[in-house]
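Work through these exercises with the structure open beside you. Try each task before you read its solution.

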Amino acid sequence: MFQSEMFFRASFIASLLAVLPEASASSACRCLPDDATCWPTNAEWSQFNETIDGRLVKTVPLGTPCHDPNYNAEACAVLKDGWLFPEEHYESSSSIMAPFFAEGVCDPFHPVSKPCTLGNYVRYSVDVTSPAQISNTVKFATKHNIRLVIRNTGHDYNGRSTGAGALAIWTHHLKDLSIDSYSDEHYSGKAITMGAGIQGFDAYEIAEQTGYQVVGGECPSVGLAGGYTQGGGHSALASRYGLAADQVLKWEVIDGQGNFITATRDNEYSDIFWALSGGGAGTYGIVWSLTAKAHPGTPVSGLNLTYTNEGLSQDTFYDSIETFHATLPAIVDAGAMSVWYFTNTSFSIAPITGPNIPVTDLVALLKPFTDKLDTLGINYNMVSNQYNSYYSQFKDMQGAIQVGTAQYGGWLVPRSVVENNNHALLTAYREITEAGGTFIGVGLNVSHKVSGDVHNAVLPAWRDTLIDTTLTTPWEWDNDALMLERQRQMTEDFIPKLTALSPQSGAYMNEGDFQQPNFKEVFYGTNYDTLRQIKAKYDPNDIFYARTAVGSDEWTESEDGRLCKAI
């Protein structure tokens, strides 16, 4: 087990960020609960709660029943069984799904005798139901110099939805949802309007009922209006319609001074519309709602294929994977998107999704790969089916995605690398997987030819990408030294193997390495300076901070979690 929370924070966070040795409360630092001179009194918290209609929630960590003095064996067993699935966390006002940022302070995998502490969890949340509540929360946090966090489900690999001593604006119960007609100079058709708490499955279900398709994540519990779309957002429908950010028609947002803004491509707030559409989450404002394109429903084909290295040499095993990568351009150019995984022992396509592609055509697109498997004598299992709709294919062919099982890093691999340097790419992947990493690939085409005429801050490297690479290393709850080493390995060993092949590319910010040393270039590219200007305009008091977000390099975090302006 972790030997101490202080070691955890000091080793995992303070050593990775520019750390202030002993920060104290000042106007340059966010106030913490131990700061008697700035932290609100109980009376002030009570008065604030009245201004937000009694929606203040004091944090009680989700794992509390697993520790003394509140230990409850039955409740703890339930928590332990569900802890690795999103459903266990997203109804909590404070729990997060990335164990690195939970810091081991209160979970089912540490000793019962270890009392729960709040650590990096938010101190309070506001379960918002109105824009006025959000505005009042922004003003209260600004007045008292409290760290402010925006959170929905807590499904974030980079720790952006939590923070020590923070006050969270919790948007999870903003569930307004409709599909209506929409028309402007750039788009005419159906559109889906989603409250900030809408998750993928909510949107997929209403689209299914009304005969439409909407772009959303492969994990159906991810909130669509938050970091997903604001970070770009890949989808099984991406090669047909583009990224999630390419679908945006309108944002409703509360800015850093509490003003309610309706932003479209052509109105006076077109700059924040552009920024929110792919320019990163947690830094320009709090989204109230998102309106995005809804596409007419089509039949959708799907295909899964798996095999292992049993009876094969490693050269043969990896040679087969190289052939799969060579088939990707034709697959994505037909409008299909593929998710696949491999380690040094197994390979799995799970799945290829083909909107409006007959299943016979989907099988034919994969034939150069399956012919190669046959030639190599590789035994594989393949299932291919035709479905009446996207959601029916999604439910049948995409399994549950666990959380809290890995640390992450990523890189966007341009099409040119696969077309001109495929063997070198495979060699890099082989070195990574043989060193203990797991590869997760998203094969897609989100070029401007696919996205059409859009106005957004999507990282330009996406437009040339063929493989969105995500690399993971397994999480172990009771081995802090090994977790440190695996995080170092991701940053210093694994990702550099890919950047060497395409140094001008970048990474998907939602699945990138939170330690990415040059994150401004890698996550935002040439858009960064303009995004920083937009943030200054709509958040002049710098109330919004999120790790690796625009402007985050101007802050440092100390061992006790205090956030201070960089010197």
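## Exercise 1: A bridge between two helices

K537 and D271 form a salt bridge, with their closest N and O atoms 2.8 Å apart. A salt bridge here is a side-chain nitrogen of Lys or Arg within 4 Å of a carboxyl oxygen of Asp or Glu. The model is predicted: local features need pLDDT of at least 70, side-chain atom pairs count only at pLDDT 80 or more, and totals for chains, interfaces and linings use all residues. Residues are numbered from 1 along each chain as its sequence is written, and side-chain values use heavy atoms, with hydrogens and water left out.

Task: Find which elements hold K537 and D271, and how many residues apart the two are in sequence.

Solution:
- Step 1. Locate the partners. K537 lies in helix 18 and D271 in helix 9, so the pair ties together parts that are 266 residues apart in sequence. Helices (H or I, at least four residues) and strands (E, at least two) are DSSP runs, numbered from the N terminus.
- Step 2. Check the accessibility of K537. Its relative accessibility is 48%, which counts as partly exposed. The scale: buried is under 20% relative accessible area, exposed is over 50%, and partly exposed is in between (1.4 Å probe, protein chains only).

## Exercise 2: The two sides of helix 18

Task: Which residues of helix 18 are buried, and which exposed residues does the face turned away from them carry?

Solution:
- Step 1. List the buried residues. In helix 18 (residues 528-538) they are Y528, L531, R532, I534, K535 and Y538.
- Step 2. Look along the axis. These residues cover an arc of only 160°, so they sit on the same side of helix 18. The arc is taken from the directions from the helix axis to the C-beta atoms.
- Step 3. Turn to the other face. The exposed residues D529 and Q533 are found there.
- Step 4. Find the packing partners. The buried residues of helix 18 pack against strand 9 (260-264), helix 9 (270-276) and helix 17 (519-524). Contact means heavy atoms within 4.5 Å.

## Exercise 3: After helix 18

Task: Where is F544 found, and is F544 buried or exposed?

Solution:
- Step 1. Place F544. The loop between helix 18 and strand 19 holds F544.
- Step 2. Read the accessibility. F544 has 2% relative accessibility and counts as buried.
- Step 3. List contacts, leaving aside neighbours within four places in sequence. Among them are L148, I150, I254, Y284, I286, K535 and D539.
- Step 4. Go to D542, in the loop between helix 18 and strand 19. D542 counts as buried, at 11% relative accessibility. Its phi is near 55°, a positive value in a residue other than glycine.

## Exercise 4: More salt bridges

Task: How many salt bridges does the structure hold, and which residue meets R160 in one?

Solution:
- Step 1. Take the total. The structure holds 26 salt bridges.
- Step 2. Pair R160. Its side chain meets that of D156 at 2.7 Å, N to O. R160 is buried at 10% relative accessible area, and D156 is buried at 12%.
- Step 3. Try R486. Its side chain meets that of E476 in a salt bridge (3.4 Å, N to O). R486 is buried, with a relative accessible area of 14%, whereas E476 is partly exposed at 30%.
- Step 4. Look for a network. Salt bridges link E485, R488, E492 and D493.

## Exercise 5: Unusual backbone angles

Task: Which residue does a cis peptide bond join to P351, and where does P351 lie?

Solution:
- Step 1. Recall the usual case. Most residues other than glycine have a negative phi, and most peptide bonds are trans.
- Step 2. Identify the bond. A350 and P351 are joined by a cis peptide bond, with omega about -10°. P351 lies in strand 14 (residues 346-355).
- Step 3. Find another. The bond from D68 to P69 is cis, with omega near 5°. P69 is in the loop between strand 1 (56-58) and helix 3 (73-82).
- Step 4. Check N356. Its phi is near 60°, a positive value in a residue other than glycine. N356 is in the loop between strand 14 and helix 11 (359-365).
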